[in-house]
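Me: I'd like to go through some of the labels on this one and see what backs each of them up. Can you take me through the reasoning?

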Number of protein chains: 2
Amino acid sequence: MSVLPEVLAANEKYSAGFGNLSQLAMPPARHFAILTCMDARLDPAKFAGLSEGDAHVIRNAGGRASDDAIRSLVISYKLLGTKEFFVIHHTNCGMEFFTNEVIRGLLSSSLETAELTSNGFRDVGKGPGSRAGEFIEWLTVPNQEQAVVDDVERIRNNPLVPASIPIYGYVYDVKSGRLIEVQEATASGRAR
Amino acid sequence: MSVLPEVLAANEKYSAGFGNLSQLAMPPARHFAILTCMDARLDPAKFAGLSEGDAHVIRNAGGRASDDAIRSLVISYKLLGTKEFFVIHHTNCGMEFFTNEVIRGLLSSSLETAELTSNGFRDVGKGPGSRAGEFIEWLTVPNQEQAVVDDVERIRNNPLVPASIPIYGYVYDVKSGRLIEVQEATASGRAR
C-alpha cells in the first residue's frame, strides 16, 4: 500500500484551485529564509504564517547549520534577496535521542527500522547492515538550546554571510505550537 | 522593518488553535519523506496533501540529494520508520540560472544581493566580497529532469538506503501546481 495515489490525488485537488498562484515570482516576496527540522509535526508555513511565494524554507534532520544548509542560505540572500534568517529547532526532536555511535551501530547491524524503547533505539531487523554510517557526522543534538546557539554562530561566522543579515534563534514547542526565543542565539545573530 | 513581529503574531494565532496537535507522535504517521527545493513558491504540505504529523520534509536549494539530504533520509527510515521517498524538483528553479563559476564570481565581488537581468545575474553591490565560494559545490541544475534522475540514483546507490524503499521522481510545475512524474527517475527508484 503505497502513499503515491493519495499524494497524487491531493495534488490534483490543489492544482485544480491554483488560480493566481501561477503568477508568483521566484524571489521570496517577504525576503526571509527559515532553517528548520524535517520533523513531520512541524509545518513552517502554518507556524510562521507563510503563504506560497513568501519565504525560503530549508529543512534537514535537526534544522542544523550543515554545509548544505549554508549553501542554501547563501543562494537565498545572494541571488534571491532574502534579508533575515531564522534558525528554528524544536522540543522532543529525534536528534536528541541518539549519538553517532548509536546510529552507526544500528546501521552496521541492519538496514531495517529500529524500535524506540525506553532504553533508546533497539535493532529488531535482520542484516546485512552497512558500515558506511561510520563516515557520516550525524549532527545529533545533546542540548537543544545550545544547538540553536551553535547553528546561529556557525552561520554568523561564515565568510559568505554578510553582517547585515539578522539571524533569529528559536525553539518550536511541539506541545503548544509556540516559537520560543533562544535569547543568546538571537543576540549573537543580530546585525553587528 | 523586520518580518519578526509578523512571524510571531502569526505563530501566536496558530498556537492559540493548536488543540489536539499537541498529541502528535514523533514518527511520521504516513511513513514517507519528501526531498524538495527551498523555493518560496512550493508548499509541500499543500501540494502533497500533508497534515502535521504525516511526513518528513527535507528542503535545500534545488531539492538535491546532497550528503546532508542523505543523512536526513537515513535517519528518517532507520530511526523513524519511513518506507517511501519522494524527490521533487520544480520548473523555473533558480538553480537553473547560474553555474559554480557565476556564483563564485558574484560572491568574490560583493556580499550584497545580485540582480537578475535577461543576461543572467549581475552584481550591483559594493565590496568586499569573499572567495570562500570557491570551496563550495553549489549543485546547480543545467537540466531539471536529468537532475531528478541523478538525485534518485544517488540515493538509490547509497549503501545505507535499503532496496525495499521506493523512490519516486517528480517535477512540480510552478505554473499549474501539478506534480509531473520523471519516469526514468521513478523507474530507477522502484524497489528492486
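Me: Why is B:C37 not counted as bonded to B:C93?
Reply: This is a predicted model, so everything here rests on its coordinates. The closest cysteine sulfur to that of B:C37 belongs to B:C93 and sits 4.1 Å away. A disulfide needs the two sulfurs within 2.5 Å, so this pair is too far apart for a bond.

Me: What makes B:C37 buried or exposed?
Reply: Its relative accessible area is 4%. Buried means under 20%, so B:C37 counts as buried.

Me: And how many disulfides are there over all chains?
Reply: The count comes to zero. In chain A, A:C93 is in no disulfide, and its nearest cysteine sulfur, that of A:C37, is 4.1 Å away. A:C93 has a relative accessible area of 2%, so it is buried by the under 20% cut-off.

Me: On to B:T82. Where does B:T82 lie, and why is it called buried?
Reply: B:T82 is in the chain B loop between α3 (67–80) and β3 (84–90). With a relative accessible area of 2%, B:T82 falls under the 20% limit, so buried is the right word.

Me: What makes the link from the side chain of B:T82 to the side chain of B:S76 a polar contact?
Reply: The distance is 2.7 Å, and the cut-off for a pair of N or O atoms is 3.5 Å. The B:T82 side chain also reaches the backbone nitrogen of B:Y77, at 3.3 Å. Setting aside neighbours within four places in sequence, B:T82 has contacts that include B:P28, B:H31, B:F32 and B:I165.

Me: Now the interface. How do you know that A:E6 and B:R30 form a salt bridge?
Reply: Their closest N and O atoms are 2.8 Å apart, and the rule asks for within 4 Å, so the pair qualifies. The rule finds eight salt bridges across the interface of chain A and chain B. It also has 49 residue pairs in polar contact, both partners at pLDDT 80 or more. By class, the chain A side that touches chain B has 50 nonpolar, 21 polar and 20 charged residues.

Me: What area do chain A and chain B bury between them?
Reply: About 7800 Å², with 62% of it on carbon and sulfur atoms. In chain A, A:M26, A:R71 and A:K78 lose the most area to chain B, together 10% of what that side buries. As for contacts, 91 residues of chain A touch 91 residues of chain B.

Key:
Residues numbered from 1 in each chain as written. Chains lettered and ligands numbered in written order. Predicted model: local features only at pLDDT ≥ 70, side-chain atom pairs only at ≥ 80, totals over all residues. Heavy atoms only, no water. Buried < 20%, exposed > 50% of the residue type's maximum accessible area, 1.4 Å probe, protein only. Contact = heavy atoms within 4.5 Å. Buried area = accessible area lost by both parts, 1.4 Å probe. Salt bridge = Lys/Arg side-chain N within 4 Å of Asp/Glu carboxyl O. Polar contact = N/O pair within 3.5 Å; in protein donor to acceptor, adjacent residues only side chain to side chain. Nonpolar A, V, L, I, M, F, W, Y, C, P; charged D, E, K, R; others polar. Helix = DSSP H or I, 4+ residues; strand = E, 2+ residues; numbered from the N terminus.
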